[in-house]
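Visitor: Could you take me on a close look at the ligand site, and then show me what is built around it? I would enjoy one connected tour.

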Amino acid sequence: MDEQIKAMQAEIEAAAASITDSKEMYLLRKQYLDNKTGKISALMKNMRDLPPEERPAFGKVVNVLKGWALDFFTEQDARLKAIELAQKNAAEQIDVTMPASKHLCGALHPQTLIANELIDIFAGMGFTIFEGPEIENDYYNFTALNTPQDHPARDMQDTFYVSEEFLLRTQTSAGQIRVMENAQPPIKILSPGKVFRSDDDATHSPMFSQMEGLVVDKGITLCDLQGMLDVFAQNIFGENVKTRLRPSYFPFTEPSVEVDVSCFACGGKGCRLCKDTGWIEVLGAGMVNRHVLENCGVDPDVYTGFAFGMGIERIAMLKYGIPNIKMLFESDVRVLEQFRG
Ligand code: DAH
């Protein structure tokens, strides 16, 4: 009897010795201890075939074997699970000295940042947005804006003509006409958008963006323009910035002015940015020419207005110190990354 028990113990130990996985060990345990099919449970069932007087001793021995096997498998299970946990922990260990993996994350383009900032400033002063078409005809882009037939801007050298009739708008000023044709004053609109000119160097690009403004009402004067420009310049370039108007010429305004801001880099003392003048030119503006009002059915004896137009890339280049307009179109991540808010 004892022999049989010892042999089974040895058999279990030998089988367990080659097992390195707790799941396999569980299967081995079942082979011996499963209530229905286990080899030790089968021994118990064999007891019925023995003469009654031998049964108690046999039962005792089998119970000892069963107790031993239960302890043995519990120990084996704990041992293998400890090894498995150690292996899992080792595999999942994090080396905090390794460089972190980078998550590239997008940001708004400097052009968009400036456009949004401008829209915010003017929306705060009650302007609403009007977006005109990029393909215009000669009437809206030039004629209605009081541009003479022989004006150089109409030249093929400066303007991209799509056909005899249509062209790519050279200025957002065309939007002024579209707005005034459809609405009577009071008018207060801001018209941002792309414009196109046959022009290409470090500060000019064949496609760029402008922001046009138009205010028409009774009693609007040049002082209203200057007051609004001060709010704009101080918001964009800094609290201490001043504006100045210089006489200029645009066919659609009379008088016309070029607007300078005092240099925000040197405070007006003179530096590289302002070319030692203390002033930086930022936009064109003026009082809407009475012919333009008439062309749109607005009575110039009742209403007056001012208009202005600025290049958005120019404002972005000045504000962020970008030396070449192409940097705004190349999408070089090393450049764009510097504008992440
Ligand atoms: N359209 C002009 C340009 O592209 C800019 C401009 C100047 C717009 C004066 C205006 C204005 O509305 O009043 O150079």
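Guide: Happy to! A polar contact here is a pair of N or O atoms within 3.5 Å. Please keep in mind that this is a predicted model.

With that cut-off in hand, start at glutamine 171: one of its polar side-chain atoms sits 2.9 Å from a nitrogen atom of the ligand. The protein buries 90% of the 360 Å² that the ligand exposes when taken alone. Next comes glutamine 210, where an N or O atom of the side chain is 2.8 Å from an oxygen atom of the ligand. The backbone takes part as well, since a polar backbone atom of phenylalanine 308 lies 3.3 Å from a ligand oxygen.

Now widen the view to the shell. There are 15 residues around the ligand, and those that come nearest are Gln171, Ser173, Arg197, Gln210 and Glu212. Sorted by class, the shell holds eight polar, five nonpolar and two charged residues. Three strands, β5 (207-217), β8 (279-288) and β9 (304-311), each provide at least two residues of this shell.

Those three strands lead us to the sheet. β5, β9 and β8 follow one another in an open sheet of seven strands, whose full order is β1-β4-β5-β9-β8-β7-β6, with mixed pairing. At its edges are β1 (128-129) and β6 (243-250), each of which pairs on one side only. β1 runs parallel to β4 (residues 187-196), and two bridges join the pair. Within that pairing, isoleucine 129 stands opposite leucine 190 of β4.

Two helices pack on this sheet. Helix α7 (residues 174-182) touches β4, β5, β8 and β9, and its direction makes about 35 degrees with that of β5. Helix α10 (residues 312-320) touches β5, β8 and β9, with its direction at about 150 degrees to that of β8.

From α7, you can walk along the chain to some backbone details worth checking. Proline 186 is in the loop between α7 and β4, and the peptide bond that reaches it from proline 185 is cis, with omega near 5 degrees. A second cis bond joins glutamate 254 to proline 255, where omega is about 0 degrees; proline 255 belongs to strand β7 (residues 253-262). Asparagine 146, in the loop between α6 (138-141) and β3 (166-168), has a positive phi, near 65 degrees, although it is not a glycine. These cases stand out because most peptide bonds are trans and most residues other than glycine have a negative phi.

One last stop is histidine 109, in the loop between α4 (55-92) and α5 (110-124). Its side chain reaches the backbone nitrogen of glutamine 111 at 3.0 Å. Setting aside neighbours within four places in sequence, histidine 109 is in contact with Leu328 and Leu336.

How values were computed: Residues numbered from 1 in each chain as written. Predicted model: local features only at pLDDT ≥ 70, side-chain atom pairs only at ≥ 80, totals over all residues. Heavy atoms only, no water. Helix = DSSP H or I, 4+ residues; strand = E, 2+ residues; numbered from the N terminus. Polar contact = N/O pair within 3.5 Å; in protein donor to acceptor, adjacent residues only side chain to side chain. Contact = heavy atoms within 4.5 Å. Near = heavy atom within 4 Å. Areas by Shrake-Rupley, 256 points an atom, 1.4 Å probe, with all protein chains shown as cover. Nonpolar A, V, L, I, M, F, W, Y, C, P; charged D, E, K, R; others polar. Pairing = 2+ DSSP bridges. Axes fitted to C-alpha atoms, helices over the stretch in contact; angles between N-to-C directions.
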